[in-house]
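Trainee: I am new to this structure and would like a close look at a single part of it. Please take one residue and then work outward from there.

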Amino acid sequence: MATPPLEDPNFDRTVVFMIEHGTDGAIGVVINRPLTDGLEEPLDRWQEYLGEPALLHDGGPVDHTALVGLARARRAGDEPIEDALPIGDGIWSIDLAADPIVVMARFDSLRVFRGYAGWSPGQLDAEIRSGAWIVVEGTVDDVFSAEPADLWRRTLARQPGRLAWLADAPDDLDLN
């Protein structure tokens, strides 16, 4: 979660679901920035499987031609399938070139993100050490929240101790 105020407007008050974080760098998607439009051709065949809000989401500032599909499994522990890979806690990466009828038989909600957030090796770790990011445990429900726009405040509010206080930080810290 971005610490207020993160000076980069691409990440101000964002909640990022980390897909991978290792020695080669990190990649994730911003999960609290729904856009105003649904899916266009050829992805419109996935539209009926989108969770509320049934919109395309801004996944981050890197490569807006890239589309990332994440789906919530109906049950835990399912074996991998050809067009989906488990990435943790009931969340799977979906191949959006696949047949949605076949793939979504095992999933109950889908999010599609345009772009992603990426960091070079060591970059995210350095940003965390400098205080730009707060690392908290997320939930499957966070990724598929029906109200993603206020997810940053809700997620902070459920944290223990003084960390929850940040949920009430004003958008403009000069007004504090």
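Which backbone oxygen lies 2.9 Å from a polar atom of the side chain of Asn32?

Mentor: The model is a predicted one. The backbone oxygen in question belongs to Arg13. The side chain of Asn32 has a second partner in the backbone, the nitrogen of Val15, which it reaches at 2.9 Å. Asn32 itself sits in the loop that runs between β2 (25-30) and β3 (57-58). Its relative accessible area is 6%, and because the limit for buried is under 20%, Asn32 counts as buried.

The surroundings of Asn32 come from two stretches of the numbering. Setting aside neighbours within four places in sequence, Asn32 is in contact with Arg13, Thr14 and Val15, and also with Pro148, Ala149, Leu151 and Trp152.

Arg13 deserves a look of its own. Arg13 belongs to the segment before β1. With a relative accessible area of 12%, Arg13 is buried, as Asn32 is at 6%. The backbone of Arg13 has a positive phi of about 55°, although Arg13 is not a glycine. Asp89 is another non-glycine residue with a positive phi, in this case about 50°. Asp89 lies in the loop between β5 and β6, and at 67% relative accessibility it counts as exposed. The two residues therefore fall on opposite sides of the burial limits: Arg13 is buried, whereas Asp89 is exposed.

The loop that holds Asn32 has other features in its backbone. The peptide bond from Glu41 to Pro42 is cis, with omega near 0°, and Pro42 is in the loop between β2 and β3. A cis peptide bond also joins Glu52 and Pro53, where omega is about -5°. Pro53 lies in that loop between β2 and β3 as well.

Back in the segment before β1, there is Phe11, which takes part in aromatic pairing. The count of aromatic pairs comes to four. The ring centres of Phe11 and Trp119 are 5.8 Å apart and the ring planes meet at 25°, so this pair is stacked. The pair joins distant parts of the chain, since Phe11 is in the segment before β1 and Trp119 is in strand β7, with their positions 108 residues apart in sequence. Both Phe11 and Trp119 are buried. Another pair is made by Trp92 and Phe107: their ring centres are 5.5 Å apart and their planes are at 65°, so the pair is edge-to-face. This pair too links distant parts of the chain, with Trp92 in strand β6 (residues 91-94) and Phe107 in strand β7, 15 residues apart. Trp92 and Phe107 are both buried. Phe11 and Trp119 also belong, together with Trp133, to one aromatic cluster.

Strand β7 covers residues 107-119 and includes Arg114. Arg114 is partly exposed, at 27% relative accessibility. Not counting residues up to four places away in sequence, Arg114 touches a set of residues that includes Leu56, His57, Asp58 and Gly59. Leu35, Gly60, His64, Ala66 and Leu67 are also among the residues that Arg114 touches. Arg114 and Asp95 are 19 residues apart in sequence, and their C-alpha atoms are 14 Å apart in space.

The last feature to set beside this part is the largest pocket, which has a volume of about 580 Å³. Its lining is made of 26 residues, and those nearest its centre are Val16, Phe17, Met18, Val136 and Gly138. β1 (16-22), β5 (84-88), α2 (123-129) and α3 (140-143) each supply at least two residues of the lining. β1 gives the largest share, five residues. By type, the lining of the largest pocket divides into 18 nonpolar, five polar and three charged residues.

Helix α3, one of the elements that supply lining residues, holds Asp141. Asp141 has a relative accessible area of 52% and is exposed; the limit for exposed is over 50%. Asp141 and Leu55 are 86 residues apart in sequence, and their C-alpha atoms are 17 Å apart in space.

To return to the starting point, the side chain of Asn32 has a polar atom 2.9 Å from the backbone oxygen of Arg13 and reaches the backbone nitrogen of Val15 at 2.9 Å.

Technical notes:
Residues are numbered from 1 along each chain as its sequence is written. This is a predicted model: local features need pLDDT of at least 70, side-chain atom pairs count only at pLDDT 80 or more; totals for chains, interfaces and linings use all residues. Side-chain values use heavy atoms; hydrogens and water are left out. Helices (H or I, at least four residues) and strands (E, at least two) are DSSP runs, numbered from the N terminus. Buried means under 20% relative accessible area, exposed over 50%, partly exposed in between (1.4 Å probe, protein chains only). A polar contact is a pair of N or O atoms within 3.5 Å; within protein, one must be able to donate a hydrogen and the other to accept it, and residues adjacent in sequence count only if both atoms are side-chain atoms. Contact means heavy atoms within 4.5 Å. On a 1 Å grid over the protein atoms alone, a cavity is a set of points where a 1.4 Å probe fits but cannot get out, and a pocket is an open set with protein on both sides within 12 Å along at least five of seven lines; lining residues have an atom within 4 Å of a point. Grid points are joined across faces, edges and corners, and a volume is the space filled by probe spheres set on the points. Ala, Val, Leu, Ile, Met, Phe, Trp, Tyr, Cys and Pro count as nonpolar, Asp, Glu, Lys and Arg as charged, and the others, Gly among them, as polar. Rings of Phe, Tyr and Trp (its six-membered ring) pair if their centres lie within 6.5 Å; planes under 30 degrees apart count as stacked, over 60 as edge-to-face and the rest as tilted.
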